[in-house]
Amino acid sequence: MSDTAVVRASDVTKTFQTGEAAVTALEGIDLEIGAGEFVSLIGPSGCGKSTLLRLIGDLTSPTLGTVEVNGKPARRARLDRDYGMVFQAPVLMDWRTVAKNIELPLEIMGWKATARAARSAELLKLVELDGFETRHPWQLSGGMQQRVAIARALAFDPKLLLMDEPFGALDEMTRERMNLELMQIWGRTRTTVVFVTHSIPEAVFLSTRVVVMSARPGRIAKTIVVDLPQPRTVETRETERYFELVTEVREALRHRDAELEAVAVDRIRAEGLS
């Protein structure tokens, strides 16, 4: 195993107790993510993608196995503010301006007002929202709100950015534009990103690697290296290699589903004969 891994999950299993029954969301997860990578997690609904992200972010704990961030337990990394998080909903405070929303984590960390304002201005330029600092979230489009959420997550320069379907609620055209903007931000910062999505084209366009997960209990079915050149542009989506990779991810998802269906059929037959 690499000593430079930003994220390392080792033999991770997560089980939830629901009433009298236990549901295993993840089983036997081994995953390493290196510095500067952009890794997407994709799989069928309920496969544990978001659960894995939450384990990395120490929003829940593994039942078995270990999760490390920057060589330390996930809990220590959370306390050390080693990562930022962006969710599907921007979760902005409507009574605070755009600038004040971005400054919020810095305010909590005790930064002085002048330093907060300078950092906020820097990030507004990064996400191409300079000039909107005095607006409120309700005055912005959905895509602009999500850019504010990304800026806020990057406010304290985290080594890791965790993103849980951040563009899932946007229309297709806005989503594609946000993909391009996220690529530009990542190109400038080279922050390590773990990104959950249901969209195969989005995963391929954004990622350096795509981790394909199986249906529950979630396991890593296949990891696909995305060798598309950087920077990614509108033209990237028109290349032959892009379509080949989209097909490879889709087939990996189908192959795993077919395997599970075959296992289920064999089990039913066995029970019928017993």
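This text walks through the strands of a predicted model, then its helix H1. Local features need pLDDT of at least 70, side-chain atom pairs count only at pLDDT 80 or more, and totals for chains, interfaces and linings use all residues. Residues are numbered from 1 along each chain as its sequence is written, and side-chain values use heavy atoms, with hydrogens and water left out.

Start with the sheet. It is open, has 4 strands and follows the order S2-S1-S4-S5, with antiparallel pairing. Strands (E, at least two residues) and helices (H or I, at least four) are DSSP runs, numbered from the N terminus; two strands pair if DSSP finds at least two bridges between them. Strand S2 (21-34) and strand S5 (72-73) stand at the edges. Each has a single partner strand, so one side of each lacks a neighbour in the sheet.

Now look at S4. Strand S1 (residues 5-18) runs antiparallel to S4 (residues 64-69), joined by 5 bridges. Arg 8 stands opposite Glu 68 in S4, and Ser 10 stands opposite Thr 66. Glu 68 also has Pro 73 in S5 as a bridge partner. S4 and S5 run antiparallel and share 2 bridges. They form a hairpin with 2 residues between them. Asn 70, in the turn, has a positive phi of about 55°.

Helix H1 (residues 49-56) lies across S1, S2 and S4. It runs at about 65° to S2, an angle taken between N-to-C directions on a scale from 0 to 180 degrees, with axes fitted to C-alpha atoms, for helices over the stretch in contact (heavy atoms within 4.5 Å). H1 is mostly covered, with 6 of its 8 residues buried, meaning under 20% relative accessible area with a 1.4 Å probe, protein chains only. The buried residues are Lys 49, Thr 51, Leu 52, Leu 53, Leu 55 and Ile 56. Just after H1, Asp 58 takes a positive phi of about 60°.

Methods. Buried < 20%, exposed > 50% of the residue type's maximum accessible area, 1.4 Å probe, protein only.
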